[in-house]
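Hi,

Here is the structure I said I'd pass on. Have a look, and my notes come after.

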Amino acid sequence: AKSTNIKRGLIRSGRGYRVQIYAGNDRTAATRVKVDFMRRFPGVRTYMTYAAPQFRVKVGDFSSRGDAQRLVSQMGGLYSPVMIVPDLIVVN
């Protein structure tokens, strides 16, 4: 697998998990959820994607489902519904 060397160091992608905190067709709502999460959890990467007709906001780069579950526990029901989803994640 090829990796790209960027100034900050080596960045690769691999199989892992993210926590989906929004899925719907309202871009404004998706952005609001993303900004709110970034404010509350500044150390966790956030990703917003669009695949017609849905916007999705996913957070984190977890190598195990257990690690993703710990974040869900820390969120304490702030976002609903929340789903742990398999994804290609950034591995440092």
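Below is what turned up, starting with how to read it.

This is a predicted model, where local features need pLDDT of at least 70, side-chain atom pairs count only at pLDDT 80 or more, and totals for chains, interfaces and linings use all residues. Residues are numbered from 1 along each chain as its sequence is written, and side-chain values use heavy atoms, with hydrogens and water left out.

First, the inside. The largest nonpolar core (buried Ala, Val, Leu, Ile, Met, Phe, Trp, Tyr and Cys joined through side-chain atoms within 4.5 Å; buried is under 20% relative accessible area with a 1.4 Å probe, protein chains only) has 17 residues. Val19, Ile21, Tyr22, Phe37, Val59, Leu71 and Met75 touch the most other members. At least two residues of this core come from each of β2 (9–24), α1 (27–40), β4 (54–62) and α2 (65–75); helices (H or I, at least four residues) and strands (E, at least two) are DSSP runs, numbered from the N terminus. Beyond its neighbours within four places in sequence, Ile21 has contacts (heavy atoms within 4.5 Å) that include Val33, Phe37, Val59 and Met75.

Now the hairpin. β3 and β4 run antiparallel, joined by 6 bridges (strands pair if DSSP finds at least two bridges), and 2 residues link them in the hairpin. Ala51 sits opposite Gln54 of β4.

Thr49 lies in β3 (residues 46–51). Because its relative accessibility is 41%, Thr49 counts as partly exposed (between 20% and 50%). Setting aside neighbours within four places in sequence, Thr49 contacts Gln54, Phe55 and Arg56.

Cheers
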